[in-house]
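Biologist: Could you walk me through this chain, beginning with how its helices pack?

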Amino acid sequence: MSDHTWIDLRSDTVTRPTSAMREEMMKARVGDDVYRDDPDMNDFEREVAALFQKDDAVFVPSGTFSNQLALMIHAGMGDEVIVDQQSHIVQHEAAASSVIASVQLFTLESDRGIWDLDKLDKTIRQRSLHTPKTALICTENAFGGRALPLSYMRAVRQVADSHHVRVHLDGARVFNAATALGCHVSELAACADSVSVCLSKGLGAPIGTVLVGDRSFIDRARLNRKIMGGGMRQVGFLARAGMVAIRTMSERLAEDHALADQMASLLEEIPGVTIDETRRDINMVFFDVDDPRKHRLRDYLWEHGVKINPHEGVFRFVTHHDVSRTDIEEAIGHVRDFFTG
Ligand SMILES: *Cc1c(COP(=O)(O)O)cnc(C)c1O
């Protein structure tokens, strides 16, 4: 089913449902999920909650949707949310935090995803006539191409607990993080009150994100999902795909990581290429090339059947289920030809 015309290294979001997933989707029993009548979705949400060792889960259309639900439930209008300057919530959600969640973001700078914990502690504040209340700390793991250590995640949780502030984990690629760290996703989930888990990245499902948390949090998320127009009807098809994503696709992410390792070593052989080794934990390779021609690389590769994103201070190439070892050899061969040819 995969498209052999293109080798697509832009993101793992480009993955298409596998044939096993498509077969499962056709078996969906379906019902109206707004009435909680979709049996596959009910089973799926229960299974994801159990896997993350939380009370409950709710299926939503996207990771942005899920993060925004978490912000609006953990924090009231005008409350403050501490978040990394480079996080998805700040950089890639089109200011939804102000438009939808109506919270104030305090962007705390980190050393590539790792906050100075003393600084974090001092950033948390009490409400007064002049100051907002800090209601939430948002973590992200994997953070770009980096898997943040479990010990660090626990330390952030401790700081939050000491101030009775809640923690939301943007775990869009939490299975990649757990794979890289050699831990179970529930250990990362234990460091947060809620976790957002994307099904449509490396896990290959066509659509969807699951938000997990305690019972009252998920009850409110279900209500707010409806308010946001995210109450969907016969979603069993997506639940079936999600089930395959969670049960089987999560087991193979190490292959994507190994493929990224191979891609990094091939890139390293090209003169002028520098790999960013500090974010080489998952299925991504961030690199730069000391060559002014780099700004034409994207067009050159597209002409040779390889899709990449534009150079934005750095190149990011991503491996996933729909690229093979030979695809990577071919793609990086074109990069080498471009710079050395
Ligand atoms: C992809 C991603 C999201 C969600 O993105 P959507 O396109 O809204 O599904 C959220 N956080 C992180 C860190 C991501 O990588």
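Modeller: A term is needed before that: axes here are lines fitted to C-alpha atoms, for helices over the stretch in contact, and angles run from 0 to 180 degrees between N-to-C directions. Please keep in mind throughout that this is a predicted model.

Biologist: OK, so at what angle do α1 and α11 cross?

Modeller: Helix α1, residues 19–26, and helix α11, residues 236–247, cross at roughly 145 degrees, and their axes come within 8 Å. The crossing of these two helices, α1 and α11, is right-handed.

Biologist: Which residues make that contact?

Modeller: On the α1 side they are Ala20, Met21, Glu24 and Met25, and on the α11 side Phe237, Arg240, Ala241, Val244 and Ala245. By class, the residues of the contact of α1 with α11 comprise 7 nonpolar and 2 charged, with no polar ones.

Biologist: And α3 with α10, how far apart are their axes?

Modeller: The axes of α3 (residues 63–74) and α10 (residues 215–227) lie 10 Å apart, and the two helices pack at an angle of about 115 degrees. The crossing of α3 and α10 is right-handed.

Biologist: Who meets whom there?

Modeller: From α3, the residues Phe65, Leu69, Ala70, Met72, Ile73 and His74 meet Phe217, Arg220, Ala221, Asn224 and Arg225 of α10. The residues of this contact of α3 with α10 divide into 7 nonpolar, 2 polar and 2 charged.

Biologist: Changing topic, how many helices and strands are in the chain?

Modeller: The chain has 14 helices and 12 strands. Its radius of gyration is 21 Å, close to the 20 Å that the globule rule gives for 341 residues, so the chain is as compact as a globular protein of that length. Along its principal axes, the C-alpha trace spans about 65 × 50 × 35 Å.

Biologist: What share of the residues count as buried?

Modeller: Of the 341 residues, 55% count as buried. The accessible surface of the chain comes to about 14900 Å², and 49% of that belongs to carbon and sulfur atoms.

Biologist: One more residue: where is Thr131, and is it buried or partly exposed?

Modeller: Thr131 sits in the loop between α6 (117–123) and β5 (134–140). Thr131 has a relative accessible area of 22%, and because buried means under 20%, Thr131 counts as partly exposed.

Biologist: What does Thr131 touch, leaving aside its neighbours within four places in sequence?

Modeller: With those neighbours set aside, Thr131 is in contact with Arg125 and Gln126. Met263, by contrast, is 132 residues from Thr131 in sequence and 48 Å from Thr131 in space, C-alpha to C-alpha.

Definitions and conventions: Residues are numbered from 1 along each chain as its sequence is written. This is a predicted model: local features need pLDDT of at least 70, side-chain atom pairs count only at pLDDT 80 or more; totals for chains, interfaces and linings use all residues. Side-chain values use heavy atoms; hydrogens and water are left out. Helices (H or I, at least four residues) and strands (E, at least two) are DSSP runs, numbered from the N terminus. A crossing is left-handed if the near helix is turned anticlockwise from the far one by less than a right angle, and right-handed if clockwise. Contact means heavy atoms within 4.5 Å. Ala, Val, Leu, Ile, Met, Phe, Trp, Tyr, Cys and Pro count as nonpolar, Asp, Glu, Lys and Arg as charged, and the others, Gly among them, as polar. The radius of gyration is taken over C-alpha atoms; the globule rule is 2.2 Å times the number of residues to the power 0.38. Buried means under 20% relative accessible area, exposed over 50%, partly exposed in between (1.4 Å probe, protein chains only). Accessible areas come from the Shrake-Rupley method with a 1.4 Å probe; for residues, only the protein chains shown count as cover.
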